[in-house]
Amino acid sequence: MSTSAYFDFKTALMAAHSGFFVRRRAWSDRWLQYYNGLWWNRVGTSAPTVVRTSDFGRDEFLATDWTNLPAGCISNAETPTGTTCPDAFSGRAVDPVDTSGMGAPAGGGGSGGNAASGIIARAARASILWPSLAIVLEDLTPSECYSGGEGLRTAIVGAALTLSVTADTANGKPAHGTYFVTVRRGNLVLFVGHIVPGESVDCGTFEISGMPGTTVFTLNARACMPRSNGGDIISSANLAMKPWCS
């Protein structure tokens with residue numbers, strides 16, 4: 001097992017599948033994250049992008065300077081330099097279920113589940129009043145009902161997100177900041193963006209096929225503050241498709 005602050009790519013794979021962000025030694029503000037079956041490239045506070053072939057080469061596969069520690073947590077002696085620094089990944093794999101919440105902190109802690117939405121979320125530090133996330137759906141299909149016989153129809157669904165305010169989201173408090181948000185239907189990502197406490201975000205409209213009067217759409221939302229111990233804030237909403245015209 002790896003006990004150093006740095007390890008090879010095989011160990012980096014185990015760390016990423018265990019929910020950690022990983023980077024190479026020279027990447028001071030760039031991380032790779034494995035989430036939802038894809039590798040994501042995270043640079044600073046920019047929105048994550050899916051890793052492309054041009055982002056990753058032979059040198060990365062052969063490198064032995066991978067780590068899950070931020071640059072400020074590694075001294076010349078390769079030891080943590082602050083009380084808030086995570087531990088170096090030990091090389092022990094965990095449950096292979098994807099527990100890497102989008103935007104979860106590098107070196108984060110355990111995980112928790114949400115049976116209602118089917119999302120596995122990373123637990124937050126309980127001593128902080130983190131905000132809650134609400135998702136509202138609306139059927140914007142330009143008719144009161146569907147005509148034209150039986151069969152699938154396409155609904156136009158609008159979605160909006162709201163992040164609440166708590167005592168700890170005030171300026172200078174630990175939950176204050178910009179949160180990364182995603183909206184999904186199953187494994188399909190419909191919206192990616194940013195939100196701050198007290199703000200509402202219009203996610204736009206989506207075309208979703210279903211059976212009028214029968215299909216119920218379920219959209220799941222997730223928010224988290226990058227590089228914090230806030231964990232994953234999750235929410236889901238259901239919307240029944242308009243019926244057939246009588």
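Is Glu60 buried or exposed? Select it and look: Glu60 is buried, with a relative accessible area of 11%. Bear in mind as you click around that this is a predicted model.

**Stop 1: the Arg24 network**

Keep Glu60 on screen and add Arg24. Their side chains meet in a salt bridge, 3.1 Å from N to O. Arg24 sits in strand 1 (residues 23-24) and Glu60 in helix 2 (residues 58-62), so this pair ties together parts that are 36 residues apart in sequence.

Now add Asp65. Its side chain also meets that of Arg24 in a salt bridge, this one at 2.9 Å, N to O. Asp65 is in the loop between helix 2 and strand 5 (66-67), while Arg24 is in strand 1, so here the parts tied together are 41 residues apart in sequence. With these three selected, you have the whole set in view: Arg24, Glu60 and Asp65 are linked in a network of salt bridges. Arg24 counts as buried because its relative accessible area is 18% and the cut-off is under 20%.

**Stop 2: Arg222 and Asp232**

A search of the whole structure turns up four salt bridges. For another one, select Arg222 and Asp232, whose side chains meet at 2.8 Å, N to O. Arg222 belongs to strand 13 (residues 216-224) and Asp232 to the loop between strand 13 and strand 14 (233-240), so the pair ties together parts that are 10 residues apart in sequence. Both Arg222 and Asp232 are buried.

**Stop 3: strand 2 and its partner**

Next, select residues 30-35, which make up strand 2. How many of its six residues are buried? Six of the six, so to speak a mostly covered strand. Show the side chains: Arg30, Leu32 and Tyr34 point one way, and Trp31, Gln33 and Tyr35 point the other. That fits a general pattern, in which side chains of a regular strand alternate between the two faces of the sheet.

Add residues 38-43 to bring in strand 3, which pairs with strand 2 in the antiparallel sense over six bridges. To line the two up, find Leu32 and look opposite for Asn41 in strand 3.

**Stop 4: a three-stranded sheet**

Finally, go to the open sheet of three strands, ordered 8-9-12 and paired antiparallel. Its edges are strand 8 (133-139) and strand 12 (200-210), each pairing on one side only. Turn the view to follow the twist, which averages 25° from one strand to the next.

Then pick out strand 9 (residues 153-163), joined to strand 8 by seven bridges. A handy place to end is Ala134, which stands opposite Thr162 in strand 9.

Key. Residues numbered from 1 in each chain as written. Predicted model: local features only at pLDDT ≥ 70, side-chain atom pairs only at ≥ 80, totals over all residues. Heavy atoms only, no water. Pairing = 2+ DSSP bridges. Helix = DSSP H or I, 4+ residues; strand = E, 2+ residues; numbered from the N terminus. Axes fitted to C-alpha atoms, helices over the stretch in contact; angles between N-to-C directions. Buried < 20%, exposed > 50% of the residue type's maximum accessible area, 1.4 Å probe, protein only.
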